[in-house]
Amino acid sequence: MNKLKIAIQKSGRLYEDSIKLLKDCSIEINIGIDKLKTTALNFPLEILFLRDDDIPQYLEDGVADIGIVGKNLLLEKRKRIKIKETLGFGKCRLSIAVPKSLSYNKIQDLDGKRIATSYPFLVREFFEKRYINAEIHEISGAVEIAPGIGLADCICDLVSSGSTLFMNGLKEVETVLQSEAVLASHLHLDSTQHIIMEKFLFRIRAVKKAKNNKYILLNVSNEKLEKIISYLPGIKSPVILPLANSECSSVHSVVNENDFWGIIENLKALGAQDILVLPIEKIIL
Ligand code: ATP
Ligand code: MG
């Protein structure tokens, strides 16, 4: 049977979460010692382990059919490929940082400066749109040390917590791009490959939805039930079950992680008791 080839990072920041995504989608793999490629045991998927920089080109060429890579890299490399789904991990931003000692007020302060980066295309585009003239120095790694060794006045690099910048005496001053891992695909999949990709995407979406939601159960006395129900929508509407104590009911519902604490506080104020919150594994609507 035909298989779909997926490229994932061989090692690095996206590796663990990419493997976990396959697992959450119930796709089983055995990773060999050489870790070049492997075949899923229960899904028509072949997994290729690559350097993340190579993945966009392989997707354009069709060496891999789909791949997991940072949006930052896809936009920098400008290959002819399609983004199919954002994946919610590998979150970071591409930011400009300057030495702490430099007084920085506005973007025009960067005019005429030398900036070191591994993202020359995105940085050039960012400056051109703002009519800033900066000299871009492309370097492939350890960008954050460039100002310290006199190679550049400032840098543009990926940041998540900001601790690397801090340790190198830099401060973040502008965000060029917000990024996360995405699933991208080759432009011309054949019909079988397309069907397999859609099956995989269906699973990914169910897993993503589940991660963003929690299952909640609570008890409430019957006279307060109506208020609680009007407050809790659930997927269609909440489930109400009678308790052995006939004056109370149990209410089950699904709430979004983002609004979660606000909802819990209000439910308590409306008389909800014994609130239980459970993770959801998959949601298929
Ligand atoms: P490779 O050996 O595969 O080339 P790499 O060293 O180029 O790996 P990593 O540092 O593992 O790449 O980062 C891979 C991706 O992880 C980045 O392109 C980005 O999308 C994402 N990422 C998330 N947070 C960060 C961060 N703080 N710094 C760098 N990348 C991050
Ligand atoms: Mg890389």
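So, where does ligand 1 sit? In this predicted model, ligand 1 occupies the largest pocket. Let's stay there for a moment and look around.

How many residues surround ligand 1? The count is 16, and the closest are Arg51, Asp52, Asp53, Asn72 and Ser160. If you sort that shell by class, you get seven polar, five charged and four nonpolar residues.

Now, for those of you who like polar contacts, I have three to show. Start with Asn72, one of the closest residues: a polar atom of the Asn72 side chain is 2.7 Å from an oxygen atom of ligand 1. With Arg13, the partner is the backbone, where a polar atom lies 2.8 Å from an oxygen atom of ligand 1. And at Gln9 we are back to a side chain, with an N or O atom 2.9 Å from an oxygen atom of the ligand. As for cover, ligand 1 on its own exposes 630 Å², and the protein buries 78% of that.

Let's zoom out to the domains. The assignment for this protein lists domain 1 (4-88 + 181-210), domain 2 (92-179) and domain 3 (213-279). Which of them contribute to the shell around ligand 1? Domain 1 and domain 2 each supply at least three residues. And domain 3? Taken over C-alpha atoms, the centre of domain 3 is 38 Å from the centre of domain 1.

So if you take one picture home, friends, let it be this: ligand 1 in the largest pocket, with a shell drawing on both domain 1 and domain 2. Thanks, everyone!

Note on methods
Residues are numbered from 1 along each chain as its sequence is written. Chains are lettered from A and ligands numbered from 1 in the order in which they are written. This is a predicted model: local features need pLDDT of at least 70, side-chain atom pairs count only at pLDDT 80 or more; totals for chains, interfaces and linings use all residues. Side-chain values use heavy atoms; hydrogens and water are left out. A residue is near a molecule or strand if one of its heavy atoms lies within 4 Å of it. A polar contact is a pair of N or O atoms within 3.5 Å; within protein, one must be able to donate a hydrogen and the other to accept it, and residues adjacent in sequence count only if both atoms are side-chain atoms. Accessible areas come from the Shrake-Rupley method with a 1.4 Å probe; for residues, only the protein chains shown count as cover. On a 1 Å grid over the protein atoms alone, a cavity is a set of points where a 1.4 Å probe fits but cannot get out, and a pocket is an open set with protein on both sides within 12 Å along at least five of seven lines; lining residues have an atom within 4 Å of a point. A molecule sits in a cavity or pocket if more than half of its atoms lie within 2 Å of its grid points. Ala, Val, Leu, Ile, Met, Phe, Trp, Tyr, Cys and Pro count as nonpolar, Asp, Glu, Lys and Arg as charged, and the others, Gly among them, as polar. Domain bounds come from an automatic or database domain assignment.
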